[in-house]
Every structure is written in C-alpha cells, then in structure tokens.
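This report looks at the disulfide links of one chain and then turns to one of its sheets. It is meant to be read beside the sequence and the structure.

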Amino acid sequence: MTKTHKIAIWAALGIVVAALAAVITIKRSRFVGIRVLTGTVLTQDENVNKQVPIPDTEITVAGGPAESSARSDSAGLFVVRLRPDIFPGRIITLQFRHVGYQPLDLRTRAGDQLYIVRMQPIPREARVKGETPDVGITNIRVRYTVPSTNIVNVGSTVKTFQVVNTGNVPCDQRGPCSPDGKWKAAIASASLEAGDDNEFQGVRVSCIAGPCAFTKIETDRFSTGGRKVSVSVRNWSDTVTFLMEGEVVHNTVNDMVRVTYPVIFAQAMDFTLAATAKGPSIEAEINKADIVYPLGPTLTLPWANCSITVVGGGAKLYRCEIMPGYRFQ
C-alpha cells in the first residue's frame with residue numbers, strides 16, 4: 001500500500017467519524033426537552049392601546065400533567081413548565097381560559113420563543129327594546145392626598161407613548177436587543193416639562209397595553225422629579241403603550257390635595273398614584289350629578305370593577321373596568 005493510499009484511507013475515516021458525530025448531535029438536540037414556555041396574554045383588539053394584559057388567565061397544556069398548567073400575573077405574563085420528554089418542534093395545544101373571554105385553544109410547536117396570545121372578549125349582550133339605556137359617566141377625576149408641606153399642586157400632566165417593535169425577530173447584534181441578546185428590540189423615549197418655577201413630583205411610568213412583560217425601563221430620569229423629566233424604554237416583543245404622568249407643584253403653602261385624570265380606552269380606565277398617595281377617591285358626573293366614591297381598601301365602585309398593581313418605585317397602577325349598564329362618555 002502506497003503512502004498516497006494510506007492518506008486517502010485516513011481522510012475517508014475522518015469524514016465518516018465527522019458525519020457520525022453530526023448525526024448524533026442532531027439527534028441529541030432534537031430530544032433535548034423544552035422545560036418552560038414563556039408568554040403573555042392580551043385582549044384581542046385592532047387598536048394596540050386596547051390590547052391590555054389579562055391577569056389570572058388559566059393556561060393548560062392539553063393532555064399534560066398537573067405541572068403543565070399556570071396562571072398569568074398582573075402583566076399577563078405566564079410561565080408553563082412542561083414534561084422533560086417534550087422536544088423542540090413537537091405539536092402541543094395550549095388552552096387559555098378566563099371569565100369574560102372566549103375560550104382559546106392554541107395549537108403550536110413547542111419552542112424557545114415568546115408566545116403572544118390574544119383572547120377575544122365576550123361581547124356584551126344586546127339590550128332588548130324598552131330596557132333601561134346605559135348610564136353615562138363623565139368628567140371623571142381622581143382625588144387623593146400626599147403628605148408634604150409648603151407645596152401647591154398647580155396641575156397634572158399625562159402623556160402616553162408607544163415603543164413600536166415586532167416580536168420574535170432574532171437580534172442581529174447591530175441594534176438594540178433583549179437583555180439576553182436574543183431578540184430584536186426597540187427603544188423609545190418620552191419627556192415632560194413643568195414650566196418656569198415649577199417642578200414635577202411623584203412621576204410614574206407604567207406599561208398599560210401590549211406585551212408589557214417583555215419591556216424594561218432603560219433610563220430613569222423621572223423618579224427624583226425636577227423641572228424636566230424623561231424616560232426611555234426597551235421593548236423586545238410586539239408594540240407596547242406606556243403611560244407617563246405626574247403632578248406639577250409650586251413651592252408655597254397648600255392643603256396637599258391632589259387631582260389627576262385617568263386614561264380611558266374603551267370600557268376600562270387606568271391611572272397611577274405615587275407610593276405616598278393616601279385616601280384616593282373617584283369623582284364623576286352621573287346623570288348630571290357630581291358624586292364622590294371613596295375607593296377604600298376594597299376598591300369598591302358601584303359601576304366598575306377595579307384592581308391595583310404595585311409598579312416601579314412603589315407606585316400603584318389602578319385599572320377599573322366598567323360594569324354592564326354603564327358607559328364612559
């Protein structure tokens with residue numbers, strides 16, 4: 001056997017070994033189990049501002065064991081743990097259930113991605129002829145107090161802004177990415193100015209629509225207040241909407257009563273209060289009469305169901321969904 005023949009034989013053996021190693025790697029990677037599925041549950045609506053998170057949604061893997069179920073948190077985020085034998089690409093069915101929304105069975109492939117799920121609200125039943133029409137609610141204000149001295153509240157400022165992006169797009173490392181460097185991200189900023197001799201206090205920034213679970217405040221130039229405040233937000237999923245609001249104050253004597261106005265989208269209203277806020281009440285005009293509704297610890301309103309979520313810095317995000325028989329005007 002010549003030297004040339006020996007070299008050819010060893011080269012062929014090397015190619016065979018490399019091919020076998022590649023096949024084994026592919027087979028192993030195919031059967032590496034998917035341990036968790038991560039996503040968020042939103043309200044289905046063409047208007048992105050109305051795609052609010054749906055908390056306490058029950059998520060179940062059809063036919064799975066007890067560990068294959070979970071509930072979404074206040075931001076709509078869910079994490080479902082799966083059996084070790086579920087491998088990438090396997091077809092599974094995720095079942096989403098929540099009172100007030102149509103049941104949703106999502107047939108999808110198990111994979112390492114962010115699942116954005118939108119549930120269709122159950123439409124309110126049409127009122128029959130002769131039934132009492134909806135009661136209109138207008139001129140809604142939120143009144144509360146903040147412990148402070150020698151400060152006059154001269155108004156409040158509210159601003160919404162969007163961070164436009166498309167989810168599940170791999171990051172090319174040349175632009176903004178998710179914190180783990182995996183997904184394409186976008187960054188947007190917003191700012192407020194209080195005017196001469198005024199400054200902001202209790203500025204709050206909260207995500208109110210879209211997949212809020214996949215956002216992060218990038219720069220915080222609002223928590224300490226001041227004449228001008230700003231914020232930038234990183235988003236690595238679909239488009240989200242943020243609410244930025246704060247009180248404008250002037251250094252003088254005041255009774256420390258504050259008033260702010262909620263943001264209303266469709267059948268829900270949102271507002272935030274600083275961590276130091278006390279005794280919130282809702283003032284509204286109903287049938288041309290001004291009525292005050294103290295919220296209290298139970299968040300009870302005769303015309304809406306309210307919930308509260310603690311957000312950054314201890315601020316509180318309030319969300320009230322109007323009951324059947326009433327409507328915002």
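## Disulfides and an open sheet

Cys306 and Cys320 form a disulfide in which the sulfur atoms lie 2.1 Å apart. The pair links distant parts of the chain, since Cys306 belongs to strand 21 (residues 304-310) and Cys320 to strand 22 (residues 316-322), with the two positions 14 residues apart in the numbering sense of being 14 residues apart. The model is a predicted one, and the torsion of 110 degrees about the S-S bond makes the link of Cys306 and Cys320 right-handed. Cys306 has a relative accessibility of 17% and counts as buried, because the cut-off for that class is under 20%; Cys320, at 0%, is likewise counted as buried.

The structure holds 3 disulfides, and when the bonded cysteines of the chain are numbered in sequence order, the pairing reads 1-2, 3-4, 5-6. The table sets out the sulfur separation for each pair.

| Disulfide | Sulfur atoms apart |
|---|---|
| Cys171 and Cys177 | 1.7 Å |
| Cys207 and Cys212 | 2.1 Å |
| Cys306 and Cys320 | 2.1 Å |

For Cys171 and Cys177, the torsion about the S-S bond is about -45 degrees, and the disulfide is therefore left-handed. Cys171 is buried, with a relative accessible area of 13%, and Cys177 is buried as well, with a relative accessible area of 9%.

The disulfide of Cys207 and Cys212 is also left-handed, because the torsion about its S-S bond is about -75 degrees. Both of these cysteines, Cys207 and Cys212, are buried.

Turning to the sheet, an open arrangement of 3 strands follows the order 9-14-11, and the pairing is antiparallel. Strand 9 (152-163) and strand 11 (199-209) stand at the edges, where each has a single partner strand, so that one side of each is left without a neighbour in the sheet. From one strand to the next, the twist averages 15 degrees.

Within this sheet, strand 9 pairs with strand 14 (residues 240-250) in the antiparallel sense, and the pairing extends over 11 bridges. Which residue of strand 14 is the bridge partner of Gln162? The partner of Gln162 there is Thr241.

Note on methods: Residues numbered from 1 in each chain as written. Predicted model: local features only at pLDDT ≥ 70, side-chain atom pairs only at ≥ 80, totals over all residues. Heavy atoms only, no water. Disulfide = S-S within 2.5 Å. Buried < 20%, exposed > 50% of the residue type's maximum accessible area, 1.4 Å probe, protein only. Helix = DSSP H or I, 4+ residues; strand = E, 2+ residues; numbered from the N terminus. Pairing = 2+ DSSP bridges. Axes fitted to C-alpha atoms, helices over the stretch in contact; angles between N-to-C directions.
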